[in-house]
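Open your viewer and get ready to click. This tour tells you what to select at each stop and what you will find there.

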Amino acid sequence: MPLLFATPGQEVKVAHVGGEADVKKHLIDLGFNVGSPVTVIQKIDTGIIVKVKDARIAIDRSMASKIMV
């Protein structure tokens with residue numbers, strides 16, 4: 001399922017990162033690597049706030065839909 005559909009407080013693992021090559025590289029650089037744990041902190045109108053590694057990151061709906069968990 002896309003990361004966008006995970007519920008706040010839920011920890012999930014990245015199964016696949018899709019999208020164009022530049023988008024995929026950007027997401028991987030942010031820490032969205034296959035097998036990496038991601039915790040959903042909060043859903044907001046424009047996207048989602050997640051904890052990746054030890055950082056909180058806000059990503060928009062478009063990006064969150066490209067990360068499968």
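**Stop 1: L3**

Select L3. Leaving aside neighbours within four places in sequence, L3 is in contact with V12, F32, V38, V40, I48, V50, I59, A64, I67 and V69. Contact here means heavy atoms within 4.5 Å. Before moving on, note that this is a predicted model, where local features need pLDDT of at least 70, side-chain atom pairs count only at pLDDT 80 or more, and totals for chains, interfaces and linings use all residues. Residues are numbered from 1 along each chain as its sequence is written, and side-chain values use heavy atoms, with hydrogens and water left out.

Where does L3 sit in the chain? Look in the segment before strand 1 (11–13). Is L3 buried or exposed? L3 counts as buried, at 0% relative accessibility. Buried means under 20% relative accessible area, exposed means over 50%, and partly exposed lies in between (1.4 Å probe, protein chains only). Now select I28 as well. L3 and I28 are 25 residues apart in sequence, and their C-alpha atoms are 14 Å apart in space.

**Stop 2: the nonpolar core**

Select L3, F32, V38, V50 and I59 together. Of the 19 residues in the largest nonpolar core, these five touch the most other members: L3, F32, V38, V50 and I59. Several elements each supply at least two residues of this core: helix 1 (21–30), strand 3 (37–44), strand 4 (47–52), strand 5 (55–60) and helix 2 (61–64). Which strand gives the most to this core? Strand 4 does, with 3 residues. A nonpolar core is a set of buried Ala, Val, Leu, Ile, Met, Phe, Trp, Tyr and Cys residues joined through side-chain atoms within 4.5 Å.

Keep V38 selected. Neighbours within four places in sequence aside, V38 is in contact with L3, Q10, E11, V12, V14, F32, V50, K51 and V52.

**Stop 3: the whole chain**

Zoom out and switch to a cartoon view. The protein chain has 2 helices and 6 strands. Along the sequence, the pattern reads β-β-α-β-β-β-α-β. The radius of gyration of the protein chain is 10 Å, close to the 11 Å that the globule rule gives for 69 residues, so the chain is as compact as a globular protein of that length. That radius is taken over C-alpha atoms, and the globule rule is 2.2 Å times the number of residues to the power 0.38. Helices (H or I, at least four residues) and strands (E, at least two) are DSSP runs, numbered from the N terminus.

The C-alpha atoms fill a box of roughly 30 × 25 × 20 Å, taken along the principal axes. Buried residues make up 38% of the 69 residues. Among contacts between residues at least 6 apart in sequence, 53% join residues at least 24 apart.

**Stop 4: the loop between helix 1 and strand 3**

Select G31 and S36. Both G31 and S36 are found in the loop between helix 1 and strand 3. G31 is buried, with a relative accessible area of 1%. S36 is buried too, with a relative accessible area of 14%. Leaving aside neighbours within four places in sequence, G31 is in contact with S36, V52 and K53. With the same neighbours left out, S36 is in contact with V12, K13, V14 and G31. Now add G9. The C-alpha atoms of G31 and G9 are separated by 19 Å, with their positions 22 residues apart along the chain.

**Stop 5: three lysines**

Start with K53, in the loop between strand 4 and strand 5. K53 is exposed, with a relative accessible area of 60%. Check its backbone: phi of K53 is near 55°, a positive value in a residue other than glycine. Most residues other than glycine have a negative phi.

Next, select K43 in strand 3. K43 counts as partly exposed, at 38% relative accessibility. Beyond four places in sequence, K43 is in contact with L4, F5, A6, P8 and I48.

Finish on K24, in helix 1. At 33% relative accessibility, K24 counts as partly exposed. Not counting residues up to four places away in sequence, K24 touches V17, G18 and G19. Add V69 to close the tour: K24 and V69 are 45 residues apart in sequence and 15 Å apart in space, C-alpha to C-alpha.
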